[in-house]
Amino acid sequence: MTSLCRHWVKGRCRYGDACGFSHEGVPAPEERVKYNGKELRHTAVRRCVVKEFDVAEGDVVVEVAGGKGEFSIEMSNLHGATSYLVDPRDMTAKGYKNYDRKLRLGMFHQSEALGGYPRYSQSEVEGGRRDVVHCRLFFTAMLVGRAELEDKVEEQVELFRAHATASEGFYGCVDVCSTGTLPTAKELKADIERLLVALSRCTLVVGIHPDEPTEALIDYCLASSTPFIILPCCVFPEKHPHRTTRDGQPVRTYEQFLLYLLEKQDSTMQRMEIPITGRNVALVSRK
């Protein structure tokens with residue numbers, strides 16, 4: 001007799017019907033479709049992107065504040081997108097390690113939770129890894145605004161200096177300098193130029209709990225008519241006391257922040273719930 005799957009009992013078996021253990025006799029409550037923990041939220045967003053957006057093979061997808069870059073790595077390798085990651089942290093080695101492990105175990109093609117409708121078969125994906133273009137930058141209004149290139153570089157240099165040793169910095173996270181080195185002005189200039197070209201050809205912008213850059217990211221997408229899916233998270237009311245909703249309420253809570261962002265251009269932006277635990281509301285525009 002096949003043993004009962006202990007993960008299914010808990011409501012989160014990643015292999016679904018392909019699991020080698022039994023799921024029989026255990027009801028499948030609605031909450032089983034939710035993705036628990038940070039390690040799977042990028043998968044839930046990726047599945048949503050594949051279903052809701054027409055991202056073709058080779059299309060440019062830009063992810064902001066993606067940390068280890070797992071969303072971008074999977075979009076490149078499972079779906080054929082040309083992925084750009086914008087994040088000052090140098091953490092992609094961990095993302096590739098996680099991706100390689102899941103691929104080796106067959107999780108993307110056997111697991112109901114991790115699959116996400118891959119465009120390529122297991123053997124095709126194993127044929128060669130597509131690397132993500134990592135632009136090691138802070139996403140700011142100046143970065144994508146009309147400032148001179150030298151001014152943009154200077155701003156990035158100052159941001160790296162200010163946050164390189166901070167315990168909690170611009171992205172609400174630890175040390176942006178995990179490798180012990182900061183990018184040079186020349187490297188920053190090259191990354192800025194690379195990013196601006198990518199944004200000009202971009203099919204979709206993605207932000208999965210991007211924290212501090214959230215408003216600047218949405219402002220850019222609305223101004224440039226770029227489709228996006230962004231999951232706001234932290235509000236930072238002390239840093240932005242000027243934020244108020246249309247009825248004059250100061251923005252201090254998560255729900256007020258969502259309303260404030262929606263009020264920027266509510267005719268084109270929609271609210272969508274993503275099946276993850278925690279702050280799961282995505283603001284979406286399909287322009």
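Q: Where in this predicted model does Pro250 lie?
A: Let's start by placing this proline between its neighbouring elements. On one side there is β5, and on the other there is α11. So Pro250 sits in the loop between β5 and α11.

Q: Is Pro250 buried, partly exposed or exposed?
A: Buried means under 20% relative accessible area and exposed means over 50%. Pro250 has 39% relative accessibility, so Pro250 counts as partly exposed.

Q: Which residues is Pro250 in contact with, leaving aside its neighbours within four places in sequence?
A: Let's look a bit further along the chain first. Tyr260 is 10 residues apart from Pro250 in sequence, and their C-alpha atoms are 9.4 Å apart in space. As for contacts, once the neighbours within four places are left aside, Pro250 touches Arg243, Thr244 and Gln256.

Q: What is the phi of Phe236, and why is that value worth a second look?
A: Phe236 is found in the loop between β5 and α11, and it is buried, with a relative accessible area of 15%. Most residues other than glycine have a negative phi. Phe236 is not a glycine, yet its phi is positive, at about 55°.

Q: Where is Ser225, and is it buried, partly exposed or exposed?
A: Ser225 also has a positive phi without being a glycine, with a value near 55°. Its place is in the loop between α10 (214–224) and β5 (228–231). With 45% relative accessibility, Ser225 counts as partly exposed.

Q: Which residues does Leu217 contact, leaving aside its neighbours within four places in sequence?
A: Leu217 lies in helix α10, and it is buried, with a relative accessible area of 1%. Ala141 is 76 residues apart from Leu217 in sequence, but their C-alpha atoms are 7.8 Å apart in space. Leaving aside the neighbours within four places, the contacts of Leu217 are Val64, Phe139, Val205, Gly207 and Ile230.

Q: How many of the residues of α3 are buried?
A: You can go through this helix one residue at a time. Glu70, Phe71, Ser72, Ile73, Glu74, Met75, Ser76, Asn77, Leu78 and His79 are buried in α3. The helix is largely enclosed by the rest of the structure, because the buried count is 10 of the 10 residues.

Q: Which residue just after α3 takes a positive phi?
A: Step just past the end of the helix and check the backbone there. The phi is about 80°, and the residue is Gly80.

Q: Are α3 and α4 parallel, perpendicular or oblique to each other?
A: The axes of α3 (residues 70–79) and α4 (residues 92–104) come within 9 Å and cross at roughly 50°. Angles under 35 degrees count as roughly parallel, and 65 to 115 as roughly perpendicular. The angle here fits neither group, so α3 and α4 are oblique.

Q: How many nonpolar, polar and charged residues make up the contact of α3 with α4?
A: α3 passes α4 in a right-handed crossing. On the α3 side, Glu70, Ile73, Glu74, Asn77 and Leu78 take part, and they meet Thr92, Gly95, Tyr96, Asn98, Tyr99 and Lys102 in α4. Sorted by class, that contact has 4 nonpolar, 4 polar and 3 charged residues.

Q: At what angle do α8 and α9 pack, and how are they described?
A: Helix α8 covers residues 149–163 and helix α9 covers residues 185–200, with their axes 9 Å apart. Their angle is about 120°. Angles from 65 to 115 degrees count as roughly perpendicular and those over 145 as roughly antiparallel. The value falls in neither range, so α8 and α9 are oblique.

Q: How many nonpolar, polar and charged residues does the contact of α8 with α9 have?
A: The crossing of α8 past α9 is right-handed. From α8 come Leu149, Glu150, Lys152, Val153, Gln156, Val157 and Phe160, while α9 brings Ala185, Leu188, Lys189, Ile192, Glu193 and Leu196. By class, this makes 8 nonpolar, 1 polar and 4 charged residues.

Q: How many helices and strands does the protein chain have?
A: Zooming out, 53% of the 287 residues count as buried. Among contacts between residues at least 6 apart in sequence, 60% join residues at least 24 apart. The chain has 11 helices and 7 strands.

Q: Over which residues does pLDDT stay under 50 with 8 contacts beyond four places in sequence?
A: The chain averages a pLDDT of 86, and 84% of the residues score at least 70. The stretch asked about, with its 8 contacts, is residues 29–33.

Terms used. Residues numbered from 1 in each chain as written. Predicted model: local features only at pLDDT ≥ 70, side-chain atom pairs only at ≥ 80, totals over all residues. Heavy atoms only, no water. pLDDT = per-residue confidence, 0-100. Contact = heavy atoms within 4.5 Å. Helix = DSSP H or I, 4+ residues; strand = E, 2+ residues; numbered from the N terminus. Buried < 20%, exposed > 50% of the residue type's maximum accessible area, 1.4 Å probe, protein only. Axes fitted to C-alpha atoms, helices over the stretch in contact; angles between N-to-C directions. Left-handed = near helix turned anticlockwise from the far one by under 90°. Nonpolar A, V, L, I, M, F, W, Y, C, P; charged D, E, K, R; others polar.
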